[in-house]
Amino acid sequence: MTFSWQKGHGTENDFVLLPDHDGTVHGDLDPSFVAALCHRRRGIGADGVLRVIRSSAAGVTSEAEWFMDYRNADGSISEMCGNGVRVFARHLLDEKLVDTDRFAVATRDGDKLVSVGADGQIAVDMGAFSIGGYSEVRTSEGLAVTAREVHTGNPHAVAFVDDVDEAGTLLTEPHFDREVYPEGVNIEFVARRGPGHVRMRVHERGSGETRSCGTGACAVGIATALADGDTARPTEYRIDVPGGTVHVTLDENDHVVLTGPAEIVARGEMEWMA
């Protein structure tokens with residue numbers, strides 16, 4: 001099979017993009033193929049795959065023309081990816097598939113409104129969020145902490161620690177309560193760095209530790225605002241991740257807005273022989 005591909009990242013959370021506008025190239029997008037593409041030694045290497053497909057071709061009812069068909073590195077389907085939607089938007093802009101700097105992208109978590117700033121940073125209205133209670137997460141190295149349940153399109157467990165290095169390597173998925181998170185969970189370890197400023201590391205379900213997680217950064221901003229007891233809106237947090245910095249804003253409508261960089265770094269034609 002021969003196909004076009006691109007490689008992009010948002011704060012080093014990296015993705016293989018597969019242009020498949022009418023859904024005729026990759027069919028149902030086999031999970032084993034996605035996992036092979038994302039493998040860092042046997043494939044292109046990425047934290048996930050973004051198929052670029054028209055909403056109509058994907059069978060998605062949306063006013064947005066383009067649907068972000070996102071898959072985790074293990075081939076599993078994910079509802080949403082905050083860094084991924086910015087990279088997806090950058091691709092649409094670069095390829096002139098949209099003709100405005102303010103547009104919607106369809107996702108499994110609904111339509112997301114994207115806007116591009118004068119500095120090239122891309123902001124995404126991630127929509128409303130929901131919060132749950134507390135449960136314990138425990139790393140393979142034995143760190144046990146209490147985490148707050150936050151849903152920002154994906155499920156998250158946000159745990160505050162003194163130093164994010166306490167979480168260890170995060171190569172192995174931390175233990176969590178599967179009754180609380182039956183479909184798995186992204187787990188964030190967060191340390192405060194100053195007013196409105198935190199640092200985080202994340203283990204993403206289906207991908208392992210990644211350099212950044214957009215929906216995770218949103219969950220961290222929400223959990224931090226709740227911990228601060230701050231009800232003022234808008235409230236903005238700077239979130240430092242291993243791959244850079246993003247900003248999370250809780251607006252007057254209790255929507256969460258994620259702002260950060262996104263770039264395409266490579267493209268090509270591939271004959272897949274595996």
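Is T215 buried or exposed? In this predicted model, T215 is buried, with a relative accessible area of 1%. The legends below begin with this residue.

**Figure 1. Close-up of T215 in helix α4.** T215 belongs to helix α4, which comprises residues 214-228. Its side chain makes a polar contact with the side chain of H156, at 2.9 Å. When neighbours within four places in sequence are left aside, T215 is in contact with M80, C81, G82, M126, T152, N154, H156 and N186. H156 therefore appears both among these contacts and as the partner in the polar contact, while the relative accessible area of T215 is 1%, which places this residue in the buried class.

**Figure 2. Helix α4 and its surroundings.** Of the 15 residues of α4, 12 are buried, so the helix is largely enclosed by the rest of the structure. The buried residues are G214, T215, G216, A217, C218, A219, V220, G221, I222, A223, T224 and A225. At 1.5 Å a residue, α4 should span 21 Å, and its end C-alpha atoms are 21 Å apart, which agrees. After the helix comes G229, which has a positive phi, near 70°. In an α-helix there are 3.6 residues a turn, so residues three or four places apart point the same way.

**Figure 3. Cysteines C213, C81 and C218 without disulfides.** How many disulfides does a search of the whole structure find? The search finds 0. The cysteine sulfur closest to that of C213 is in C81, at 6.6 Å, which is too far for a bond. For C218, the nearest cysteine sulfur is that of C213, 8.6 Å away, and C218 is in no disulfide. A disulfide requires the two sulfur atoms to lie within 2.5 Å. C213 is buried, with a relative accessible area of 2%, and C218 is likewise buried, at 0% relative accessibility. C218 is also one of the buried residues of α4, and C81 is among the residues in contact with T215.

**Figure 4. Strand β4 and its pairing with β3.** Strand β4 covers residues 66-72, and 7 of its 7 residues are buried. Which residues point one way from β4, and which the other way? W66, M68, Y70 and N72 point one way, whereas F67, D69 and R71 point the other way. In a regular strand the side chains alternate between the two faces of the sheet. Strand β3 (residues 48-54) runs antiparallel to β4, and 7 bridges join the two strands. Among the paired residues, R54 has W66 as its bridge partner in β4.

**Figure 5. Salt bridge between R71 and D69, and the network around them.** Side chains of opposite charge can pair when their charged atoms come close. The side chains of R71 and D69 meet in a salt bridge, with a distance of 2.8 Å from N to O. R71 is buried, with a relative accessible area of 6%, and D69 is buried, with a relative accessible area of 2%. Both residues belong to a network of salt bridges that links D20, R51, D69, R71 and R108. The structure as a whole holds 21 salt bridges.

**Figure 6. Salt bridges of R205 with E79 and of E209 with R201.** The side chains of R205 and E79 meet in a salt bridge at 2.5 Å, N to O. R205 lies in the loop between β12 (197-204) and β13 (208-210), and E79 lies in the loop between β4 and α3 (82-94), so the pair ties together parts that are 126 residues apart in sequence. R205 is buried, with a relative accessible area of 9%, whereas E79 is partly exposed, at 25%. In the second pair, E209 forms a salt bridge with R201, and their closest N and O atoms are 2.8 Å apart. E209 counts as partly exposed, at 28% relative accessibility, while R201 counts as buried, at 8%.

**Figure 7. R267 in strand β17.** R267 lies in strand β17, which comprises residues 263-271. Where sequence neighbours within four places are left aside, R267 is in contact with W5, Q6 and E95. The side chain of E95 makes a polar contact with the side chain of R267, at 2.9 Å. R267 and G8 are 259 residues apart in sequence, and their C-alpha atoms are 9.0 Å apart in space.

Note on methods. Residues numbered from 1 in each chain as written. Predicted model: local features only at pLDDT ≥ 70, side-chain atom pairs only at ≥ 80, totals over all residues. Heavy atoms only, no water. Buried < 20%, exposed > 50% of the residue type's maximum accessible area, 1.4 Å probe, protein only. Helix = DSSP H or I, 4+ residues; strand = E, 2+ residues; numbered from the N terminus. Pairing = 2+ DSSP bridges. Polar contact = N/O pair within 3.5 Å; in protein donor to acceptor, adjacent residues only side chain to side chain. Contact = heavy atoms within 4.5 Å. Expected span 1.5 Å × (residues − 1). Salt bridge = Lys/Arg side-chain N within 4 Å of Asp/Glu carboxyl O.
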